[in-house]
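Here's a quick tour of one protein model, with a closer look at a couple of its residues. Have the structure open while you read.

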Amino acid sequence: MSAAPLVGYSSSGSEDEAEAAAEGRSKPGSGGRRCGQNSLPTQRFPVPDSVLSMFSSTEEGPEDDSTKHGGRIRTFPHERGNWATHIYIPYEAKEEFLDLLDMLLPRAQTFEPRLVRMEEFHLSLSQSVVLRHHWILPFVQVLKDHMASFQRFFFTANQVKIYTNQEKTRTFIGLEVSSGHAQFLDLVSEVDRVMEEFDLTTFYQDPSFHVSLAWCVGDARLQLEGQCLQELQEIVDEFEDSEMLLRVLAEQVRCKSGNKFFSMPLK
């Protein structure tokens, strides 16, 4: 995600003060020079490269180094003033859910060792889009208005499924929603209206709502579909109280823009 915006303070004030002070001092060839003082030519020496490099331009955005974030490749390049924005329903993981994940991940890693657990869990209601910084608050306000009439609802996510992003640069193991699908569609319909109002990309056609559990770089569908998928589903089905564990109350919609979070409670 984008870093917090940097505020640039102009140095023009200090420059003006320096110029004013210089005008009050004697200049070579001016009437203020003391009698007998000679005007000497000024010799300028080149500034060493090591010093120049200390003041390199900061206008460019940070280098997009995928090694710094697990090998992930940005869907869109970083640009100063652009904030990656995403709308979703947070999924608060209970201890039993993490116990289930501790059983699923090692089994999946026998088929694809590069898999790592997600750091947080959610169900997406939008694609990741780009907002200019000055549009964030107006966007959030319109989104809040569109979410205001929605009620809380229960949903169940218990069907193991393999996903990739559009660019096929990342693969995910997820739990797909099996009940509550209609409520998610209603939410997405309103989120899409907001996106269209700001000329942003709407959500996927025929979306598969899911909680991502683990991910890896690249397209690993060949390794994970088939036998692996079957074994993971068996673990979920046989897990104690999985039916109750994976039935969750959706209580809020959340918008993340850069490093800012905005919550919209459902009624």
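Let's start with Ser212, in what is a predicted model. Leaving aside neighbours within four places in sequence, Ser212 is in contact with Met118, Phe121, His122, Phe172, Ile173 and Gly174. You'll find Ser212 in strand β7, which runs over residues 210-217. Is Ser212 buried or exposed? Ser212 counts as buried because its relative accessible area is 11%, under the 20% cut-off.

Now hop over to Arg117, which sits in strand β2 (residues 116-117). Arg117 is partly exposed, since its relative accessible area of 37% falls between the 20% and 50% cut-offs. Not counting residues up to four places away in sequence, Arg117 touches Leu98, Leu101, Asp102, Leu105, Leu213, Ala214 and Trp215. There's also a C-alpha to C-alpha distance to note: Arg117 and Cys216 are 9.0 Å apart in space, with their positions 99 residues apart in sequence.

Here are the two residues side by side:

| Residue | Strand | Relative accessible area |
|---|---|---|
| Ser212 | β7 (residues 210-217) | 11%, buried |
| Arg117 | β2 (residues 116-117) | 37%, partly exposed |

Zooming out, the protein has eight helices and ten strands. Of its 267 residues, 35% count as buried. As for the contacts with a separation of 6 or more, 79% of them come from residues 24 or more positions apart. The accessible surface of the protein adds up to about 17,000 Å², and carbon and sulfur atoms account for 50% of that.

Technical notes:
Residues are numbered from 1 along each chain as its sequence is written. This is a predicted model: local features need pLDDT of at least 70, side-chain atom pairs count only at pLDDT 80 or more; totals for chains, interfaces and linings use all residues. Side-chain values use heavy atoms; hydrogens and water are left out. Helices (H or I, at least four residues) and strands (E, at least two) are DSSP runs, numbered from the N terminus. Buried means under 20% relative accessible area, exposed over 50%, partly exposed in between (1.4 Å probe, protein chains only). Contact means heavy atoms within 4.5 Å. Accessible areas come from the Shrake-Rupley method with a 1.4 Å probe; for residues, only the protein chains shown count as cover.
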